[in-house]
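Grab a coffee and work through these short exercises with the structure open beside you. Try each task before reading its solution.

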Amino acid sequence: MLAPLCLVAVAVAVSRPALLSSPTCSAVRRAPHACMAEGIKVDVRMQPKSSVALDIDIPEAVSKAVHAQVLSELGKTAKVDGFRKGKVPKEALIAKLGMERLKLATFEQLIDVAMAESGPQVPLQTCGDARLVGEVEDLAKKYEPGKPVSFSIEVDVIPQVPLEESMYEALQVSVEKEPFNQDAYDKALLTLREQNCDLEEAEGSYQAQEGNQLLIDMAGFSAKPDGGKGEPLPAVAGGEGVELHLKPGKFMPGLVEGLIGIRAGETRDITVTFPQRSSVPQLAGKAAVFEVSCSKVQRRILPEVDDAFAARVKTGMSCAELDEKLREGVEAESESNFRKAAHRKLEQALVKALPAEFEVPDTLLEQVLQPSPWRPLRRAAARRGPRGKPTSRGEEA
């Protein structure tokens with residue numbers, strides 16, 4: 001949930017260029033605001049898509065005070081030939097910096113002063129950055145130092161959801177509950193059997209097959225253009241006594257496939273390409289050659305599903321208790337999916353209950369990336385569904 005923000009916070013995020021980039025002008029940004037807020041006027045205009053325009057009028061007194069402050073702060077750091085630092089006359093300072101730069105620095109400071117000092121007048125729940133209407137350089141050129149000045153700021157605000165209790169108190173949606181997911185149960189059970197399998201060493205000239213397990217030593221090298229071995233790769237890209245399950249997708253693409261048919265005592269060179277998203281960033285997308293020496297080929301023997309197997313999974317557990325735990329897990333996942341589906345249906349029904357004129361600012365839509373009650377508004381922003389009470393059928397959420 002977005003926390004309420006007042007205009008003071010918005011001032012920090014006004015979308016406009018930074019102050020002059022020279023070291024002398026950067027001091028203005030650190031200077032305290034002139035304590036001359038009296039007379040600053042802020043009028044609020046409602047805009048489409050849940051945004052507001054703040055028309056700000058700065059009186060002559062504040063304009064003069066800020067202009068004098070900017071001159072003072074710049075004068076403390078400006079280097080002008082023939083004058084000591086901090087003792088530069090106003091005329092010499094203006095001649096050195098130029099009136100256009102001085103006007104820009106003053107105008108940007110006026111924006112900060114106006115936004116910070118007038119904030120309490122207009123407390124708002126904002127989202128996204130405030131935006132200066134017009135280019136700051138163009139507005140600064142029109143500004144006359146020490147004279148009254150006006151400008152506008154636009155900012156998106158959190159929309160008020162116009163839902164009355166009568167619109168949702170009897171809301172019903174239909175969600176179909178899934179039957180028991182036997183596939184999920186079987187997959188979970190198979191995972192446990194694979195995690196607790198027995199290893200049986202193959203003898204003689206047995207050739208490794210998919211599903212077997214190897215005990216290997218592997219060393220990685222960068223691949224030369226001709227496919228040969230180049231410089232050694234970092235130690236993380238290899239190792240001794242590595243247990244490798246010959247299951248496609250278990251390791252980097254091409255390695256498992258290149259080891260199908262290998263025998264104990266055999267060495268192979270296998271060319272692979274590291275994935276773009278690699279755990280070793282410097283190897284991402286790079287071609288490499290792995291020198292792989294196989295010391296063992298082992299068959300993976302899956303255990304029978306009985307009490308002995310259950311006790312492997314958890315000491316003292318029986319097969320019946322394991323079955324119960326697996327079923328509880330599948331049911332919990334099914335219940336979670338059911339609730340998510342119900343929430344999606346309720347969100348859609350609530351969106352349909354909103355008035356056609358309800359609008360959401362684009363900045364809020366961009367911020368809402370995770371599932372939340374606001375998510376359907378993105379789908380409904382461009383296309384408003386028909387209003388009306390959702391029909392009730394099947395199981396209610």
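**Exercise 1.** Find the residues that are linked with K177 in a network of salt bridges.

*Solution.* Keep in mind that you're looking at a predicted model. Start from the general idea: side chains of opposite charge can pair when their charged atoms come close. Now look around K177: its partners in the network are E335 and R339. For the wider picture, the structure holds 12 salt bridges.

**Exercise 2.** Work out which elements are tied together by the salt bridge between D156 and R131, and say whether each residue is buried or partly exposed.

*Solution.* Step one, check the pair: the N to O distance between the two side chains is 3.4 Å, and the cut-off for a salt bridge is 4 Å. Step two, place the residues: D156 sits in strand 4 (residues 149-157) and R131 in strand 3 (residues 126-132), so the bridge ties together parts 25 residues apart in sequence. Step three, look at the cover. Buried means under 20% relative accessible area, so D156, at 7%, counts as buried. R131 has 27% and is partly exposed.

**Exercise 3.** Do the same for D55 and R45, which meet in a salt bridge.

*Solution.* The side chains come to 2.5 Å, N to O. D55 belongs to strand 2 (residues 51-58) and R45 to strand 1 (residues 41-47), with their positions 10 residues apart in the numbering. D55 is buried at 17% relative accessible area, whereas R45, at 36%, is partly exposed.

**Exercise 4.** How far apart in the chain are D198 and R312?

*Solution.* First the contact itself: the closest N and O atoms of this salt bridge are 3.1 Å apart. Then the sequence: D198 is in strand 5 (residues 198-201) and R312 in helix 10 (residues 307-313), 114 residues apart. Both ends are partly exposed, D198 with 35% relative accessible area and R312 with 40%.

**Exercise 5.** Which helix gives the largest share of the negative surface patch?

*Solution.* List the members: E304, D306, D307, E321, E324 and E328. Helix 11 (residues 319-353) supplies three of them, the largest share. E324 is in that helix, and its 46% relative accessibility makes it partly exposed.

**Exercise 6.** Is H67 buried or exposed, and what does H67 touch?

*Solution.* Go to helix 3 (residues 60-77), where H67 lies. Its relative accessible area is 15%, so H67 is buried. Skipping neighbours within four places in sequence, its contacts are L102, T106, Y143, P145 and G146.

Notes. Residues are numbered from 1 along each chain as its sequence is written. This is a predicted model: local features need pLDDT of at least 70, side-chain atom pairs count only at pLDDT 80 or more; totals for chains, interfaces and linings use all residues. Side-chain values use heavy atoms; hydrogens and water are left out. Helices (H or I, at least four residues) and strands (E, at least two) are DSSP runs, numbered from the N terminus. Buried means under 20% relative accessible area, exposed over 50%, partly exposed in between (1.4 Å probe, protein chains only). Contact means heavy atoms within 4.5 Å. Patches are made of residues with over 30% relative accessible area and no salt bridge: like charges are joined within 9 Å, nonpolar side chains (Val, Leu, Ile, Met, Phe, Trp, Tyr) within 5 Å. Accessible areas come from the Shrake-Rupley method with a 1.4 Å probe; for residues, only the protein chains shown count as cover. Lys and Arg count as positive and Asp and Glu as negative; His and the chain ends are not counted. The place of a charge is taken as NZ of Lys, CZ of Arg, CG of Asp or CD of Glu.
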